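Me: I am new to this structure and should be grateful for a close look at one part of it. Please take the sheet beside its main core as the centre, and then follow the chain outward from there.

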Amino acid sequence: MNNVEVFEFERRYNDVFCTVVEVVKVDAGREIVITKDQLESQIRVPFPPTDVHVCELSDSYAVISWTEPDPRGKETLTYFVERSIAGKESWHLASMDMTVRSTRFAAFDLQKGKAYRFRIRSINKYGISDPSEPSQPIALGEPLGVPAAPHSVQAIPDMERSVLLLWKEPKDTEGILGYYLYCSEVGASDWRTINNKPVYGTRFTVHGLRTNKEYVFRVKSVGRAGNSRYSEQSQPIRVKAAKVVPSAPSGVSLLCCTGSEMVIGWRAPTSHGGVPVQCYYLDQREKSQSVWKEVNVKPVRERVYTVSGLQEGHYYHFRVFASNIIGISEPSGPSEAFLCERWTMPEPGCPYDLQLREVRRESLVLVWAEPLYQGQSQLTGYVVEISEGEESEAWTAVTQEPITDTHLKISRLQAGQTYRLRVSAVNNAGVGRPSLPTEPVTAQTRPGTKDIEIGVDNDGFIFLSFEAPETEDEGQIKWRKNYREAIDAGRAHLETKQNKSVLTFSAASEEDLGLYTAEMMDRPDISSSFSFTAEDLERLMELSWQIRNPLIGLRSEGWQVDVSEQGAVRLWLQTEPLSSAAELRMILNDREISSTPARKISFDRPNGLVEIAFDQLSKEDEGSYTAQLKDGRAKNQFTLVLVDEKFKQTLAKSQAKRRDWKRRAGPHFEEFLSWTVTENCEMIMKCKVTNVSKDTKLKWFKDGMEITQAVFEPSGVSTFTVPQVTKKEAGVYRAVVSDSRGEDESILELLDTEFDKLMQRLSKECALSAGPLGIQCTALGFKLYCSLKYYLSYMKTSWYFKEKRIDQEERTKPGSSMQKVWIEIFNPTENDKGKYTLEMFDGQETHKRSLDLSGQAFADALLEYQRLKQVAIAEKNRARVTKGLPDVVAIMEGKSLCLTCFAEGDPVPEIFWLKNDREISSTGQYHIAHDKNSSTITINSVTMEDSGNYSVFVRNTYGSQTVNVTVSVYKHGEKPRADAIQM
């Protein structure tokens, strides 16, 4: 391969950019293109860096910077930094054992007076590059000091939210890296940093400032050795757009023509250039000519001008210039060609000078001047038309009937929609020609727009106030009455500061009522209006009188009466803060009083606090207290009537607290007797005493009888626990704590309402402790039950079946015990299947427990009941011995033994006698006699062989029973068994 050309450019392939780094030309004009991305992946040993230079130098170190190799490859790069003394070819490693990963390196171990060069090698995992080109020789400089501050800081107007800041650099600029800029609003103490990075010039445009605010600026030099002090601050500057010439007028129109004169009108410029428009100049030319001629040499201040010396039948074009103190604007566009011909039509000419006021989201006000040519009859009104869009010619009348005023508020606009308006005058001959349409206006409320406010100032004068969102100069807000009339200087005076203007009435009266408007000059869309009505006048005159005849206001709710813990009484009231010259007169029952040792009067003027303190209130202090206050023009008086019942209550409270304070000198109750109910349905009475000693004793009494079960803890807490409350717990409880210093008592009357309250609370805890409903089957039926920790008869219980209350009847029987509530359902059937609910009413709340006895649960319960019923029947009817045989009998040999056994059962049981488990038959010495419910066995002439275990066995179809008896035969002269019954 040959003819290799290396270069870099950008080429588009199918809308994808590729950077080409090498083109290899081959035969027949063909070439091979290798992209940078392709080449990067092929790099192994890296290329050397480029652009090695010293970017920062001081008297003790140098910072070297370089550019990484290009192409750099895909692998991670680090660098070796080498240095050499200028003029020598011996290179030494400056980075030593450091791993340099960035493209900057600070060299510190340099010697002053010697010049050095630096070069860099790239390193990756494949190897080390060749060295880069060496840097220019450098030497350490002299120590740099902190630079001097800039000077001559000057701010120049730029735009509405920016200024151009200029300054001069210090005489010595060595070591200066740039400048930091700062700004502050005039009157504020905080300074804001304008730039985050140093500025490298002596001019900077500061953005983001607040329009119509005054700012000052200062600058600081940034050096290698540190930053300078601040410069002197600039002169204050108000942020506003730079003053320029106004924009061109527009809407040149013909208002009237006499045949030799034409009255021309036009619209004001949309921009006044930052200063008011002072005057206008007109040019004219005939339709057939191209050269414009001046109409007026002297400036015209109004936007209407009569052009004379015209030739009837000729067509004329006109244009207008606007002028302010800066200069003259560009001319307006040429008017259409107006024919100089005397107007004789019966209809009126067009109104003119259409202006928009009070533009809001849904409304605006249109103001106009009546036509100069009124036609051949008097004007009777005006037709106002509106059109949506900037160019639409579809006009719609705003009102159904013509209006008579030269202004109209148009409502129900669509926010954000653009409109144009025009006006036509009406006389007896009809509707005249329409005015030129207004410039397009969008229905929107300008940010910061405020309405005119009415109020009363600190001197009692009624005022109207308007605050514009932005103003560029003072004195730009103009006030009018009914949109056209100037304000009578004899009735009101105007004061404008920055963007706020206040119209203050000298002596407001009905003559001042009406519609007032405020607007910005040359920006009439920024405006507002207020209708000053008779209701406003009446309300504000009342407020004015209050301001001119002020009353000292209260902060407290009149006089307050406080009683301290020691029983001292304090009467006080608090007003608004008063001056040091405020005066107080205190009157008691029509006579002025002053401080005495027993009744101290104090007056804290800065806090407006008046106080009367009594160490011990007495009957002589009863009466009416009046504080008369005066502070400059303001005054007021406040009376406290401390007599009769109110005085008695205060005196009683004072004496009670004094007694209580004395009581607390010894052991006393910190917490008086009270009761609580625990989750276990126990009642605990509790009190707590304090200021105790080792000799302090605490005793409890109920109805005069001492309670010894109460517990008194070292903490001062004493408790008495009742595990199960009954009516006998009702009574009067008293706890007495005493020692040598005194005694105190606490009484709790647990009677009537208080006892009912305890039972209600206890009933609630009992109900809350109730478990779920359970079922127990018996031979008689079902027994539904609920277990509780404790059951009180005070708690009302009701049972419900399928939401219907179960009243006591033959088949149901409710019952209760100390820890259980139940209901028995006798002889249950399928009709008893369903939901059962137990309601427990504790006196305030109802607590419920339910059981759904249906489905398999009912079937199982019914089966168990039937089983138990059969068992009960069998137990009732089975054969059993009811009375008869003792356990052991003793009989002397030779006598006869007679034993009788009684039995019952249904059917009548069979009775058998047995000896040693063998049946005895009625033969020989044995004689057995059976009756209906009894059987008797007689053993004649018993012998020793007749001793043994005898038993009687009874049976029927439901069961059997065996009863044993031991027979002991003894000889004559022997003693019978001690445990036997002697026969």
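Reply: What follows begins with confidence in the model, turns to the sheet and the core, and then takes up other places along the chain.

The model is a predicted one. Its chain has an average pLDDT of 88, and 95% of the residues reach at least 70. Residues 1–20 fall below 50 in pLDDT, and in the model this stretch makes 36 contacts beyond near neighbours in sequence.

The sheet requested is open and consists of four strands, in the order S50-S51-S55-S54, with antiparallel pairing. Its edges are strand S50 (668–677) and strand S54 (711–712); each has a single partner strand, so one side of each is left without a neighbour in the sheet. Within the sheet, strand S51 (residues 683–690) is paired with strand S55 (residues 717–722) in the antiparallel sense, over six bridges. Lys 686 has Thr 719 of S55 opposite to it.

A helix accompanies this sheet. H4 lies across S50 and S51, and runs at about 50° to S50. Helix H4 (residues 752–768) also gives six residues to the largest nonpolar core, the largest share of that core, as may be seen once the core itself is described: it has 52 residues, of which Met 685 and Phe 782 touch the most other members.

Phe 782 shows what such a position involves. Leaving aside residues up to four places away in sequence, Phe 782 touches Ile 775, Gln 776 and Cys 777, and also Ile 823, Glu 824, Ile 825 and Pro 828. Its further contacts are Leu 853, Phe 858, Ala 861, Leu 862 and Tyr 865. Apart from this core lies another, of 27 residues, which include Leu 254, Leu 282, Val 300 and Ala 322.

Where does the chain go after S51? The loop between S51 and strand S52 (697–702) contains Asn 691. The phi angle of Asn 691 is near 55°, a positive value in a residue other than glycine. Asn 691 has a relative accessibility of 29% and therefore counts as partly exposed.

Glu 358 offers a second case of positive phi in a residue other than glycine, with a value near 50°. Glu 358 is in the loop between strand S27 (352–357) and strand S28 (364–369). Its relative accessibility is 8%, and so Glu 358 counts as buried.

Another buried residue is Ser 654, at 2% relative accessibility. Ser 654 belongs to helix H3 (residues 644–663). Residues up to four places away in sequence aside, Ser 654 touches Val 563, Gly 567 and Val 569.

Farther along the chain, Thr 837 is part of strand S64 (residues 834–841). Thr 837 is buried, with a relative accessible area of 8%. Its side chain and that of Ser 850 are joined by a polar contact of 3.2 Å. Beyond residues up to four places away in sequence, Thr 837 touches Ser 798, Trp 799 and Tyr 800, together with Lys 848, Arg 849 and Ser 850.

Strand S68 (residues 897–904) has side chains that alternate between two faces. Leu 897, Leu 899, Cys 901 and Ala 903 point to one face and are buried, whereas Cys 898, Thr 900, Phe 902 and Glu 904 point to the other and are not. S68 pairs with strand S66 (residues 880–883) in the antiparallel sense over three bridges, and Val 881 stands opposite Ala 903 in S68. S68 also pairs with strand S72 (residues 934–939), again in the antiparallel sense, over six bridges. Here Leu 897 is opposite Ile 939 of S72.

After S68 comes a loop that leads to strand S69 (910–915), and Pro 907 has its place there. The peptide bond from Asp 906 to Pro 907 is cis, with omega near 10°. A cis peptide bond also joins Asp 70 and Pro 71, with omega about 0°. Pro 71 lies in the loop between strand S5 (62–67) and strand S6 (78–85).

Notes
Residues numbered from 1 in each chain as written. Predicted model: local features only at pLDDT ≥ 70, side-chain atom pairs only at ≥ 80, totals over all residues. Heavy atoms only, no water. Core = buried A, V, L, I, M, F, W, Y, C linked by side-chain atoms within 4.5 Å. Buried < 20%, exposed > 50% of the residue type's maximum accessible area, 1.4 Å probe, protein only. Contact = heavy atoms within 4.5 Å. Pairing = 2+ DSSP bridges. Axes fitted to C-alpha atoms, helices over the stretch in contact; angles between N-to-C directions. Polar contact = N/O pair within 3.5 Å; in protein donor to acceptor, adjacent residues only side chain to side chain. pLDDT = per-residue confidence, 0-100.
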